[in-house]
Protein chains: 2
Amino acid sequence: MSPSAGSVGPVRPQRARFDAPLALRCGRSIAGYELVYETYGTLDADRSNAILVCHALNASHHVAGWYEDDPDNVGWWDNIIGPGKPVDTNRFFVIGVNNLGGCFGSTGPMSIDPATGEPYGGDFPLVTVEDWVEAQARLADHLGIQRFAAVMGGSLGAMQALSWTRQFPDRLGHALVIACAPNLSAQNIAFNEVARQAILTDPDFQDGRYYAAGGAPTRGLRVARMVGHITYLSDDTMASKFGRQLREGGLRYSFEPEFQIESYLRHQGGKFAGYFDANTYLRITKALDYFDPAYETGGDLARALAPARAGFLVISFTTDWRFAPERSREIVQALLRNGRDVTYGEIDAPHGHDAFLLDDPRYHALVAAYLDRVARGLPTGASGEAGRAPEPEARA
Amino acid sequence: MSPSAGSVGPVRPQRARFDAPLALRCGRSIAGYELVYETYGTLDADRSNAILVCHALNASHHVAGWYEDDPDNVGWWDNIIGPGKPVDTNRFFVIGVNNLGGCFGSTGPMSIDPATGEPYGGDFPLVTVEDWVEAQARLADHLGIQRFAAVMGGSLGAMQALSWTRQFPDRLGHALVIACAPNLSAQNIAFNEVARQAILTDPDFQDGRYYAAGGAPTRGLRVARMVGHITYLSDDTMASKFGRQLREGGLRYSFEPEFQIESYLRHQGGKFAGYFDANTYLRITKALDYFDPAYETGGDLARALAPARAGFLVISFTTDWRFAPERSREIVQALLRNGRDVTYGEIDAPHGHDAFLLDDPRYHALVAAYLDRVARGLPTGASGEAGRAPEPEARA
C-alpha cells in the first residue's frame, strides 16, 4: 500500500425512500422501499466519478471507514477503498448500498409490511440480482448520477456489476467483476440448498414469522453459515491454518470441539447467526441460484451480454473452488466474442473464494492500475496497458 | 463382466455373540456385544481363502446377494462380489460385518445397555477404526479364521483394511485400500462437523435419548446426509447429471425444490434419515475424524505402517475430491519406503468419491487381476504383473 493510503475515516449511513412501486422478477411488486447507503469521497461537478460497490452474501452498505460510536466496525472492503487505495476516494465518489431484502437497514423481511402493520417475515418476496440492480439505479437517480464511472463487486456483488452492463448499458463506463461466475453450478446450488434446508427445517423458523415470537432459527442459520464458510476457503488454506490441530493435547472422545477447525467453524457460525437474519439469508441464496443471464439466450452467454457497452476488469483466484477461474474465463470469452474491452487477471492466491476480500498485493495492484486509467480517461481493455498488472512496488 | 459372473443369490445374516469385554480406545469398555455378519462362498479346508470386507459410513454387513423376503435389498458391493466377479466367491469365502456401534443389528446405540435396561442412546461410547478392527478380529476367531487372504474396503472401509495391517500384521495376506486417505483433512473434518452440528442441534436429538420418545432427529440427519452426499459426488457428475435443470418449465420463486439437484438431494437426505440412526452417524463421522495412524509417529506415515507385512492394492479415482488421489499416493509412498509390495491404480473416473461403489470396468479389472494372483499364490506388488491392469476385454 502506498504511504498515502489510508482510511476514509468515520462514516455515516444514509437513507433514501422510494415511493414508486418496484415490479420484481418474481411477478410481485413492492409498494415502496428504503435503501440504506454510504458514500465516500466527493462527487465531482459533472457527476462522472461515481463508483457503485455491490455487496455479496453477508455484507452490507458499510463498505469502508468506521462508525464514530463503533470504531471497530470497519467496512468490509476497507482494505481496497480509501484515499490512495486501489479504489481511490481522492478521485472517486464511492457508494455502498444494502440491497433490497437485506437485514442492515434497507427494506427487507424484518421491515413492517404497510399492508399488514406486521413485519414481512416469510412474506417478503424473493428478490433477484436484476431487482437489486433496478433498485440501485433508482438510488443513482436519487443521487443525481446518470452514469457510473464503474460498478464493481466480488462474488454475488460481481453478478450485480455484470447485470448492470446488460440492464443499463449506458449508465456505467466500466464493470469490475471479481471472483464471479456466469451462473451457479449444480454443486453451488446444492450447497445453498443444504443451507436453506438447515434453516427451513429449524422448528424456530416458523415459516419465517419468527420475529413476533422473539426467537430466530439460529441453529439452522449456524449450520447454514458453517457449510457456506467451508466453500469460501480453499482446502489449502484450511490445511495450513488448521490442519488436524487439536484444541487440547489429546482426543477427548466427545462431541465437544476437539479439532481447531471445529472450534473455528462453530465460532464463525455462531457469530453470523448473531447478526444476520435467516429470511434474508434464504433470499440471498435464492438470488444466487437464479442468476443466469444466459438462461434467456439458451445458454449463449455472449448473446446474453450483447447489450453491454462497458469496459471490463475480470479477476479470478486460482484456489477459488466455489467460483473457479474457468467460470470467470467463460465471462471473458463471451465478452471478447462481443468485441468488448476486457482485462483479465487470474491471481495465484491460496485463499479460495475469500481472496477477493483480502489484501493481496497483485490483486490490488491490478484494480489500482485499471481504475487509474479509468480516472485518467485512458483506454483500458485487452489492448490497453492495464492488461498488464504492474509489480506491487511499481505503484506510486 | 465375464459371462460366468453372477450374484451370490439369496443370503442370510448371521449373528455372533462376544461375552468378553472389549477395551475401547476412548478409555471405556463394552461389556459384551453382538456382531451381525454375512458370508458368501465356501471356506476352504485350510481356512486360507477368507476375505473380510469392511464397510464405509452408511453401509452394513449386507455386502452381496439379496434377502429371500426382500429381493430388492441387494448388497452394497454386489457389483464386485459374486461368482466370477472380481471378488470371486467361487474362489474366496467373503465376509461382511456390521461394525460395533452400527445400526443394522450389531451392538450399537439402539441396543439395550445391560447396565440400565434402556437403549444406550447417547451413552454408547465413541468407537474408532482400531476398535472395529479388534472386534472384527474376534469375529475371525469365532469363524476359525487365523489369517485372511485379504481385508478390503473403500473409503472408511479402506481405513479399516489399512489398520488391519498395523494391528494384526500376521493375520492378513493382502490389503485392498480403495478411495482412502491416511487421515482426514481439515476440510473433511469441517464437513463432518457441519453434519454433526445439524444433528446435535436438532431439538429432537435430546442428547441422543430419542428412542424412548419414539422420535428421532430426522431433520438434522437429512441435512447431514445432504452435505455428505455433495462431497461424495464430483462437480462434473453433478454438472452432467443435473446441471441447472429445472423441475418445471420455469422458476417458481419459492423455497420448494426448483432445480433437479435440489429434489435429488432432498430425496437422498430423506431416504437416508428413514433408515439410518443419528447416534450411529455421529459416531461414524467421529471415527473418520480420529483415524490417523501417523499421529503417534509425529506424522511419519511410513513409520506408522512399519508393522505391516501385507501386500497392498491401493486404488484412487481422479475426480474424488473428498479423498483425492494425492492422499492415496501418500499411503503408497509410505509403503514403498517400507519396502512393501504395492500395486497402485489411479482410475480416471468421473464419479468422485462414489466411484469406488460403481461398476467401472478398469477399476474392477484391476481388483480382479490382483485377487486372481492372490488366489493362485502368485507374487503381487510393484514388481508383479498385477501392477498392470489388463484391458477389460482381456479378462476370462
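**Where chain A meets chain B**

Me: How many salt bridges are counted between chain B and chain A?
Reply: Keep in mind that this is a predicted model. To count here, a side-chain nitrogen of Lys or Arg has to be within 4 Å of a carboxyl oxygen of Asp or Glu. A:Glu262 and B:Lys286 make one, at 3.6 Å from N to O. Between chain B and chain A, the count comes to 10 salt bridges.

Me: Okay, and which helix of chain B gives the largest share of the side that touches chain A?
Reply: Several helices pitch in: α3 (186-200), α4 (218-232), α5 (235-241), α6 (260-275) and α7 (278-290) of chain B each supply at least two residues. The largest share is 11 residues, and it comes from α3(B).

Me: How many of the residues on that side of chain B are nonpolar, polar and charged?
Reply: Chain B puts 55 residues into the contact, and chain A puts in 55 residues too. On the chain B side, they split into 30 nonpolar, 10 polar and 15 charged.

Me: How much area do chain B and chain A bury between them?
Reply: Carbon and sulfur atoms take 67% of the buried area. In chain B, the residues losing the most area to chain A are B:Arg244, B:Tyr253 and B:Phe255, together 18% of what that side buries. The two chains bury about 4,700 Å² between them.

Me: Which residues have the most contacts inside the largest nonpolar core?
Reply: That core has 266 residues. Leaving out residues up to four places away in sequence, A:Trp77 touches A:Val53, A:Met152, A:Phe356 and A:Tyr363, among others. The residues with the most contacts inside the core are A:Trp77 and B:Trp77.

Technical notes
Residues numbered from 1 in each chain as written. Chains lettered and ligands numbered in written order. Predicted model: local features only at pLDDT ≥ 70, side-chain atom pairs only at ≥ 80, totals over all residues. Heavy atoms only, no water. Contact = heavy atoms within 4.5 Å. Buried area = accessible area lost by both parts, 1.4 Å probe. Helix = DSSP H or I, 4+ residues; strand = E, 2+ residues; numbered from the N terminus. Nonpolar A, V, L, I, M, F, W, Y, C, P; charged D, E, K, R; others polar. Core = buried A, V, L, I, M, F, W, Y, C linked by side-chain atoms within 4.5 Å. Buried < 20%, exposed > 50% of the residue type's maximum accessible area, 1.4 Å probe, protein only.
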